Amino acid sequence: MSYQKFKGTGLFTGTQLLPSDQVLVTEADGTVVAIVPETEAGDDIQVVNGLLCPGFVNAHCHLELSHLHGAIPEGTGLIPFLQAVPQLRQYPVEEIQAAMERSAKSMYENGIVAVGDICNTADSLAVKQQSPLHWHNFIETIGFSNEKAAERFAWSKAIYDQFETLLPGRNTLVPHAPYSVSEKLFGLLNAASAGKIVSIHSQESDAENEWYRSKTGPLQALYQGMGIDTDFFQASGKSSLQTVWPWLDKAGQVLLVHNVTITSDECRMTNSGASTALGDPRHSQFPIPNSSNSSLNIQHSPFYTLCPLANRYIQNALPPVELLRQHGCTIALGTDSLASNHGLSIWSEVQALQSAFPHIPLAEMLQWATLNGAKALGMEDMFGSFERGKKPGVVCVKNGANPLTG
């Protein structure tokens, strides 16, 4: 049997950093065989100038918005950004397809092996069928009117059915955000996604909390501009996350995305099923038994998916990373879209967090970028760590992230 042997300036396994005298051994197709000391590795070792790492997982992306690269200025704030996106989506089909192809290629070249992608249409199907990346497609549903909940659900279900026909088994119908989905539509989606992985934009700005607490603030102008009648809506007196969290109770797993304004109370409420960060079973270096749904038996302890460069782009803010760590929250990383980011690189997201939180160990952040992301998408049986039998991809990290194997 033919083997590949890799030695770098260090080796990150998915959970820990090992010194430079350790060699990663894989089969010719990239399947992990072992990690052994250099003295036992024999000949034909490929020495690279950088840290060896499993392939990265982008747990939150919007491939469909790739054609909006640079179209929306930085620092607009969330509400103007949300207003701009639908106004700019109408590009020629050829341009949209070409932009998505470039983005998928760019992610692969930046060491990404798997993506949790938000889909509002079926436009990305052709690209994904040809891409070497592995995808979990979140078919996003938007509709703040209870009256039109069934209609909006049916629209998204038709898109979901297209994905299931061509890319079966890796698709979920999901709500966009608390401020864009009615309680009735939440109920339809909750039933349809029972036992599955669900992603939702959460706590992106204080505007959504102001709306739920008192039915005031910037969101009112957004609804008026879109011609949405909000007379039916009754403020709950609680934050948006506190209000809608019970409406996600059938999900097998939840990704809370962004978390810029999340509080201690909300961390305690949502993370009640977890213990400490090191004690959470999702942090084990040993994989859950092989299954395409192996993460789905963990209830009510979400993956807090952070997109720091997008948060900085839109509103010059970062999520409260230290607060999440203090509450033992399991963090994964995403890039959001090229409408809100200069690139689609998980390594760039890690670098941004390193700059803002230099006291956090690199190994911890790399776990967010690899194993935690794989578990968030239910793909840890293949990706996220250098464990025997997995085929996670091998990336060399130095100034950038360059794939050595796919």
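# A tour of the predicted model

Begin by selecting Leu11 together with Leu18, its bridge partner in strand S3. This is a predicted model. Leu11 and Leu18 sit where strand S2 (residues 10-12) pairs with S3 in the antiparallel sense, over two bridges. Now widen the selection to the open sheet around them, which has five strands in the order S3-S2-S7-S16-S17 and mixed pairing. Strands S3 (17-18) and S17 (401-405) are at the edges; each has a single partner strand, so one side of each has no neighbour in the sheet.

**The parallel sheet**

Next, display the open sheet of four strands, ordered S8-S9-S10-S11, where the pairing is parallel. Strand S8 (56-61) and S11 are its edge strands, each pairing on one side only. From one strand to the next, the twist averages 20°.

Select strand S9 (residues 112-119) and S10: they run parallel and are joined by six bridges. One place to zoom in is Gly116, whose bridge partner in S10 is His136. Helix H2 (residues 93-109) lies across S8, S9 and S10, and runs at about 145° to S9. Helix H5 (residues 183-192) also packs on the sheet, where it touches S10 and S11; its direction makes about 160° with that of S11.

**Strand S11**

Move to the pairing of strand S10 (residues 134-141) with S11, which is parallel and covers five bridges. Here Phe138 stands opposite Thr172 in S11. Add helix H4 (residues 149-166) to the view: S10, H4 and S11 make a right-handed β-α-β unit.

How many residues of strand S11 (residues 171-175) are buried? Five of its five are, so the strand is mostly covered by the buried criterion of under 20% relative accessible area. Show the side chains to see two directions: Asn171, Leu173 and Pro175 point one way, and Thr172 and Val174 the other way.

**Helix H6 and its surroundings**

Select helix H6 (residues 206-214), in which Ala207, Glu208, Asn209, Trp211 and Tyr212 are buried. To find what the buried residues pack against, show helix H1 (78-88), strand S12 (197-202), helix H7 (218-225), helix H8 (240-244) and helix H9 (264-270).

Then look at the two ends of the helix. At the N-terminal end, Ser205 is the cap, with a side-chain oxygen 3.2 Å from the backbone nitrogen of Ala207. Just after H6, Lys215 takes a positive phi of about 55°.

From Lys215, go to Thr230, in the loop between H7 and H8. Leaving aside residues up to four places away in sequence, Thr230 touches Phe144, Trp211, Lys215, Gln220 and Tyr223. Is Thr230 buried or exposed? Its relative accessibility is 6%, so Thr230 counts as buried.

**The cysteines**

Finish with Cys61, Cys119 and Cys307. How many disulfides does the structure hold? It holds zero. Cys119 is in no disulfide, and the nearest cysteine sulfur, that of Cys61, is 9.5 Å away. Cys119 has 0% relative accessibility and therefore counts as buried.

Why is Cys307 without a bond to Cys61? The closest cysteine sulfur to that of Cys307 is in Cys61, at 8.9 Å, which is too far for a bond because a disulfide needs the two sulfur atoms within 2.5 Å. Cys307 is buried, with a relative accessible area of 0%.

Notes: Residues are numbered from 1 along each chain as its sequence is written. This is a predicted model: local features need pLDDT of at least 70, side-chain atom pairs count only at pLDDT 80 or more; totals for chains, interfaces and linings use all residues. Side-chain values use heavy atoms; hydrogens and water are left out. Buried means under 20% relative accessible area, exposed over 50%, partly exposed in between (1.4 Å probe, protein chains only). Contact means heavy atoms within 4.5 Å. A polar contact is a pair of N or O atoms within 3.5 Å; within protein, one must be able to donate a hydrogen and the other to accept it, and residues adjacent in sequence count only if both atoms are side-chain atoms. Two strands pair if DSSP finds at least two bridges between them. A crossover is right-handed if, with the strands pointing away from the viewer, the path from the first strand over the helix to the second runs clockwise. Axes are lines fitted to C-alpha atoms, for helices over the stretch in contact, and angles run from 0 to 180 degrees between N-to-C directions.
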